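Open the model in your viewer and keep the selection panel at hand. The stops below go from the ligand outward.

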Amino acid sequence: MTTIAFIGLGNMGLPMSRRLIGAGHRIVGYDVSEAARTGLARQGGHAAATLGEAVAEAECVITMLPTGRHVRAVYEDEGGILAAAPRDALLIDSSTIDIESARAVSAAAAAAGFAMVDAPVSGAVPAAEGGRLTFMVGGGAQAYARARPLLEPMGANFFHVGPAGSGQALKICNNMLAGMTMVALSEAIALGEKLGLDHQILYDVIVKSSGNCWALEKYCPVPGPVPASPANHGYAPGFALPMMLKDMRLAQQAAGSVQAATPLAGAAVALYQMAAAGGYADRDFSAIFQLIAGGGDRTHAGTTPASG
Ligand code: NAD
């Protein structure tokens, strides 16, 4: 049993911490949201009143926070993880953040005497609930070897991809692709609708054809074909649309820093931006389908083709 401080108990952090509790670890968690802290207590963890209390006796600290700004604050601010955690605690950041922040926090951790890895994940909430996440880890080999058994209850695939920041680099390449694919898939389904095709038959054929992709097979953006997908639950996140927009922007920022051409991703960013500003910000990213298929609230649209 390892005492793990879990910081950030949101859509992902809560089910990830549940997996660790199920594996016999002692979880002391902290989140600024009282509801999230209550959620941890309900599933058998100990909810700390402050960040300092959460990390004070930690052998490992895992963070699962929205952005680089949150991560830097939680690690580097006065009373933060680097000040309050025992020096021999292993630090694991599983948030998806910009490469620069990941490298900066890792360097600050090393300077303070900590071993740290960036370990972002792929797989949405159902994968977190089922312990089927893919972890892409950046950092030293020794730190990876320490992290691996602790990540095990939360994941199915584990990759050590390179030095600090590499996990984040790989993650934003992946999410750039996932974000673009959801847009492309939405265009195809919206076209199929207008051509009179039923969602289920579109799904059944494409999933066995050259257009198949993760967005269709596991996360279909229309109600019906994939029962676990957010489209069947009013597009409740899941992976919130602003979060995907954040990752797409991170990819654009990284592409700019190395002069990589990403024109299709640029067009997808514009669409997610329109959706975020146009009333879809509280929905799952797959709600981009609703914007592309003609707007309006199609939350309960079922398989009825859009009019017009
Ligand atoms: P979320 O917004 O549901 O959860 C983040 C949690 O962090 C919230 O509960 C928030 O209250 C808490 N928080 C914010 N600032 C804090 C602070 N200073 N101290 C303590 N807690 C704080 O987000 P999420 O969907 O769980 O995603 C978390 C990270 O994982 C993001 O970087 C996201 O890009 C990444 N991610 C999400 C998914 C997904 O499907 N949701 C999948 C893969 C990766």
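Before the first selection, fix the residue classes: Ala, Val, Leu, Ile, Met, Phe, Trp, Tyr, Cys and Pro count as nonpolar, Asp, Glu, Lys and Arg as charged, and the others, Gly among them, as polar. Keep in mind that this is a predicted model.

**Stop 1: the shell around the ligand**

Select the ligand and the residues that surround it. There are 27 of them. By class, the shell holds 14 nonpolar, 9 polar and 4 charged residues. Now label the closest ones: Asn11, Met12, Asp31, Leu65 and Lys246.

**Stop 2: backbone contacts to the ligand**

Show backbone atoms. Start at Met12, where a backbone N or O atom lies 2.9 Å from an oxygen atom of the ligand. Go on to Val32. Here a backbone N or O atom is 3.4 Å from a nitrogen atom of the ligand. Then pick Gly238, which has a polar backbone atom 3.2 Å from a ligand nitrogen atom.

How much of the ligand's accessible area does the protein cover? On its own the ligand has 830 Å², and the protein covers 86% of that.

**Stop 3: the elements and domains at the ligand**

Colour helix H4 (68–76) and helix H12 (241–257). These are the elements that give two or more residues to the shell around the ligand. H12 gives the most, with 3 residues.

Next, colour by domain: domain 1 is 3–162 and domain 2 is 169–293. Why does the ligand lie between them? Both domains give residues to the shell around the ligand, so the ligand lies between the two.

**Stop 4: the loop before H12**

Select the loop between helix H11 (214–217) and H12, which holds Gly238. Gly238 has already appeared as a backbone contact of the ligand. Look at the peptide bond that joins Pro237 and Gly238. This bond is cis, with omega about 10°.

Stay in the loop between H11 and H12 and pick Tyr235. Tyr235 is not a glycine, yet its phi is positive, near 60°. Is Tyr235 buried or exposed? Its relative accessibility is 1%, so Tyr235 counts as buried, the cut-off being under 20%.

**Stop 5: the loop after H12**

Move to the loop between H12 and helix H13 (263–280) and select Gln259. Gln259 is another residue other than glycine with a positive phi, here about 50°. Relative accessibility is 71% for Gln259, so this residue counts as exposed; the cut-off for that is over 50%.

**Stop 6: Gly140 and Gly162**

Select Gly140, in the loop between strand S8 (133–138) and helix H8 (141–151). At 39% relative accessibility, Gly140 counts as partly exposed. Now add Gly162 and draw a C-alpha to C-alpha distance. The two residues are 22 apart in sequence and 7.7 Å apart in space.

**Stop 7: the whole protein**

Clear the selection and show the cartoon. The protein has 14 helices and 9 strands. Its radius of gyration is 20 Å, close to the 19 Å that the globule rule gives for 308 residues, so the protein is as compact as a globular protein of that length. Align the view to the principal axes: the C-alpha trace spans about 60 × 45 × 35 Å. Last, colour by relative accessibility. Buried residues make up 52% of the 308 residues.

How values were computed:
Residues numbered from 1 in each chain as written. Predicted model: local features only at pLDDT ≥ 70, side-chain atom pairs only at ≥ 80, totals over all residues. Heavy atoms only, no water. Near = heavy atom within 4 Å. Polar contact = N/O pair within 3.5 Å; in protein donor to acceptor, adjacent residues only side chain to side chain. Areas by Shrake-Rupley, 256 points an atom, 1.4 Å probe, with all protein chains shown as cover. Helix = DSSP H or I, 4+ residues; strand = E, 2+ residues; numbered from the N terminus. Domains from an automatic or database assignment. Rg over C-alpha atoms; globule rule 2.2 N^0.38 Å. Buried < 20%, exposed > 50% of the residue type's maximum accessible area, 1.4 Å probe, protein only.
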